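Biologist: I'm new to this one and would like to learn how to read it. Could you walk me through it, feature by feature?

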Amino acid sequence: MMGYLAWILCFLLIGCSSGIEKSYYQLPTTPSLVTKKSDLLTQKQLWIQTVQLSGILAANGITYQTSDVNYVNANNHLWASPLEQQLMQNLVNQLSIMLPNRLVSAQSLENRPDSLNVFLTAFHGRYDGKVIIQGNWIYKSDKGIIKRDFSLLLDQYENGYSALVRTLARGWTQVGQSIASQLS
């Protein structure tokens, strides 16, 4: 019995000492645009109301598709801050630059600003070296509502989670460019 307990204790110690270190990832950011204070009074406002992730994408781990029907969230490759916040801030920065005649914000700044809601159903890497970004966005203004779907399939040129995050960021930039071109 004593030998059995010693073996269990030994395995527990080995298991605790050989833990895999966690890695944290942040999407690269677009530099923000500084707006002059006097310009704020005359700019039309765009409120990015939400960037919403579906199901598995809302977890802390980076999502990866392992087969045609299986998805996993990495246990040791995690987002440094909630992915929704990262995507929102990147989109605010990007649209601020691409739509210079608008004040783009993640907060409502007046009674009836134009609003943008983005819904992501895919934002992950895949077993065949592809990166998938899919979803839709809805823009509401006093002129009406616009709804557009988007779907990107990008090549990941290097292996590893860092390359995956960079490719996801590149795709998210393309989504932002598409939104800006359709709103300008």
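Modeller: Sure, and let's begin with a word we'll need a lot: a residue is buried when its relative accessible area is under 20%, exposed when that is over 50%, and partly exposed in between. Take F123: it is buried, and so is W172. Keep in mind that this is a predicted model.

Biologist: What share of the 184 residues is buried?

Modeller: Buried residues come to 39% of them. As for the outside, the protein exposes about 11100 Å², and carbon and sulfur atoms supply 54% of that.

Biologist: How many helices and strands should I look for?

Modeller: You'll find 3 helices and 8 strands. Starting at the N terminus, their order is α-β-β-β-β-α-β-β-β-β-α. To see how the chain folds back on itself, look at contacts with a separation of 6 or more: 66% of those join residues 24 or more positions apart.

Biologist: How do I read a helix?

Modeller: An α-helix has 3.6 residues a turn, so residues three or four places apart point the same way. For a check on the length, try helix α2, residues 83-98: at 1.5 Å a residue, its 16 residues should span 22 Å, and the end C-alpha atoms are indeed 22 Å apart.

Biologist: Which residues of α2 are buried, and what covers them?

Modeller: The buried ones are L83, Q86, L87, M88, N90, L91, V92, N93, Q94, L95 and S96. Their cover includes strands β1, β2, β4, β5 and β6, along with helix α3.

Biologist: And strands? In which sense do β7 and β8 pair?

Modeller: Strand β7 (residues 130-141) and strand β8 (residues 144-155) pair in the antiparallel sense, over 12 bridges. The two form a hairpin with 2 residues between them. To line them up by eye, find I132, which stands opposite L153 in β8.

Biologist: What about aromatic rings?

Modeller: A pair of aromatic rings is described by the distance of the centres and the angle of the planes. A search of the whole structure turns up 2 such pairs. One is Y25 with Y161, a tilted pair with 6.3 Å from centre to centre and 40° between the planes. This pair ties together distant parts of the chain, with Y25 in strand β1 and Y161 in helix α3, 136 residues apart.

Biologist: Are those two tyrosines buried or partly exposed?

Modeller: One of each. Y25 is buried, with a relative accessible area of 12%, while Y161 counts as partly exposed at 24%. Then there are F123 and W172: their ring centres are 6.3 Å apart and their planes stand at 90°, so the pair is edge-to-face. This pair also links distant parts of the chain, F123 in strand β6 and W172 in helix α3, 49 residues apart.

Biologist: How would I read a single residue, say T63?

Modeller: Place it, check its cover, then list its partners. T63 lies in strand β3 and counts as buried because its relative accessibility is 3%. The T63 side chain makes a polar contact with the side chain of N73, at 2.7 Å. Beyond its sequence neighbours within four places, T63 touches residues including I56, Y71, H124 and L164.

Biologist: Where is L109 found?

Modeller: L109 is in the loop between β5 and β6. With a relative accessible area of 44%, L109 is partly exposed. Leaving aside neighbours within four places in sequence, L109 is in contact with Q45 and L103. L109 and L46 are 63 residues apart in sequence, yet 8.9 Å apart in space, C-alpha to C-alpha.

How values were computed
Residues are numbered from 1 along each chain as its sequence is written. This is a predicted model: local features need pLDDT of at least 70, side-chain atom pairs count only at pLDDT 80 or more; totals for chains, interfaces and linings use all residues. Side-chain values use heavy atoms; hydrogens and water are left out. Helices (H or I, at least four residues) and strands (E, at least two) are DSSP runs, numbered from the N terminus. Buried means under 20% relative accessible area, exposed over 50%, partly exposed in between (1.4 Å probe, protein chains only). A polar contact is a pair of N or O atoms within 3.5 Å; within protein, one must be able to donate a hydrogen and the other to accept it, and residues adjacent in sequence count only if both atoms are side-chain atoms. Contact means heavy atoms within 4.5 Å. The expected span of a helix is 1.5 Å times one less than its number of residues. Two strands pair if DSSP finds at least two bridges between them. Rings of Phe, Tyr and Trp (its six-membered ring) pair if their centres lie within 6.5 Å; planes under 30 degrees apart count as stacked, over 60 as edge-to-face and the rest as tilted. Accessible areas come from the Shrake-Rupley method with a 1.4 Å probe; for residues, only the protein chains shown count as cover.
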